[in-house]
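Trainee: Could you walk me through this one slowly, starting with the terms?
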Amino acid sequence: MMKIEEVKSTTKTQRIAHHSHIKGLGLQEDGTALENASGMVGQQIAREAAGIFVDMVKSKKLAGRALLMAGPPGTGKTAIALAIAQELGSKVPFYPMVGSEVYSAEVKKTEILMENFRRAIGLRIKETKEVWEGEVIELKTEEKDDQTGYGKVVSAVVITLKTSKGSKTLKLDPSIHENLTREKVTIGDVIYIEANSGNVKRVGRCDVYNSEYDLEAEEYVPLPKGDVHKKKEIVQDVTLHDLDVANAKPQGGHDFVSLMNQMNKKKKTDITDKLRGEINKVVSKYIDQGVAELVPGVLFIDECHMLDIEAFTFLNRALESTLAPIVVLATNRGYSQIRGTDINSPHGLPVDLLDRLLIIRTTPYNLEDIIKILAIRGYTEGLKITEEALQELSSIGNQSSLRFAILLLTPANILAQTSGRDEIAIQDIQEVHELFLHAKQSAKILEQQADKYIS
């Protein structure tokens, strides 16, 4: 039988502190951008264009297409990309990378790009299974003496599951105890147990416990309806890269069961083009049969000008593939040299690739926008700041850069605490501005004192 629950995601955990306040694009129902919403400020035209882009992704009319976000540093390109990810939701793969990631002494550039391409292509697998489902209201183990004479071993698991229609007590094989432990099942959790394989899946915590202060609960779910023993459609989202990793050394054939059964293998081996081709064939077959559905996600390549001509050529070819995600590129370059060539081109990208792109332009923030963004950042970081201090910091950001102004928030807060205050005052901002230089100040000093530096 297919063991869908054994699939382990290979998605990397991303933590981008600068943009932790971004919750979405901040658009109204008609697609127009609000001045200040969902953590986004300004850039209304770029956000509205991104909103249309999100709608095209959701309607699956953009697979194999690409988008370029171009603008000066600190104009919200990465913020808009992350807002796109928030709008798409957790079910649509979104994989961020930086252009320089492709340069490795061990792995080819094209291999890294292909791996990331497949991380951004989702597969939604559906299967009807016979299960026992309900809220766990009793969970205990029966033990017996170990035959070796050392301690006791689990001989059976007794579990009582409750639904809206009634409850049922099950006596299960001891092997299921390991599955229950792996899923960290406790009383009050809603789970289902597969009848054929014994796989256990924790769905969430029953919503009757919603008032509890429970840090372990991932999400609250309603009490299941119907009988405890039923047929249920199981849906799981994986990426093509998950399947590649799991089947790097396929065993037992190339059918869909074999694709899914390899997911617990720990040893990582080489993933070849031949293996990817075999997985693509099986995936295509099951898509045709209606067992699985392809979900084209988004691959976000920041600082895309760092890619070279070899990588750009690969991108051109890969975008034409039937299994291609939506690619979002971001760059802060104007006319610059394409890496690996002596050709100057807009944004440092080849002209034939630029022809394939929809381009969204971001513009520098004005003083009013900077004030709003700094206020949001201060609130997100739990910092208190006076109105005068906020105005002073915004003025510094307008003269230097928004990023520099955001960086000054934390040291200013430390100075305020050192002085026995819990609110950042204007003198704290002025002092940290004297202590730390921004890029323009440093460049000016280098110019004035060029003879004192090694060059």
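Mentor: Two strands pair if DSSP finds at least two bridges between them, and strands themselves are DSSP runs (E, at least two residues), numbered from the N terminus. This is a predicted model, in which local features need pLDDT of at least 70 and side-chain atom pairs count only at pLDDT 80 or more, while totals for chains, interfaces and linings use all residues. Residues are numbered from 1 along each chain as its sequence is written, and side-chain values use heavy atoms, with hydrogens and water left out.

Trainee: OK, so how many bridges join β5 to strand β11?
Mentor: There are 11 bridges between β5 and β11 (residues 229-239), and the two run antiparallel; within this pairing, tryptophan 132 stands opposite histidine 229 of β11.

Trainee: And which residue in β8 is the bridge partner of glutamate 133?
Mentor: That partner is tyrosine 192, and β8 (residues 189-194) pairs with β5 in the antiparallel sense over five bridges.

Trainee: What about β6, how many bridges there?
Mentor: β6 (residues 152-162) is antiparallel to β5 and joined to it by 10 bridges, with glutamate 135 opposite lysine 162. Strand β12 (residues 292-296) also pairs with β5 (residues 121-145), in the antiparallel sense over five bridges, and there alanine 292 is the bridge partner of isoleucine 125.

Trainee: Switching topic, how many disulfides are there?
Mentor: If a disulfide is taken as a pair of cysteine sulfur atoms within 2.5 Å, the count comes to zero.

Trainee: Is cysteine 206 buried or exposed?
Mentor: Cysteine 206 is buried, at 1% relative accessible area, where buried means under 20%, exposed over 50% and partly exposed in between, using a 1.4 Å probe and protein chains only. Cysteine 304 counts as buried too, because its relative accessibility is 0%.

Terms used: Helix = DSSP H or I, 4+ residues; strand = E, 2+ residues; numbered from the N terminus.
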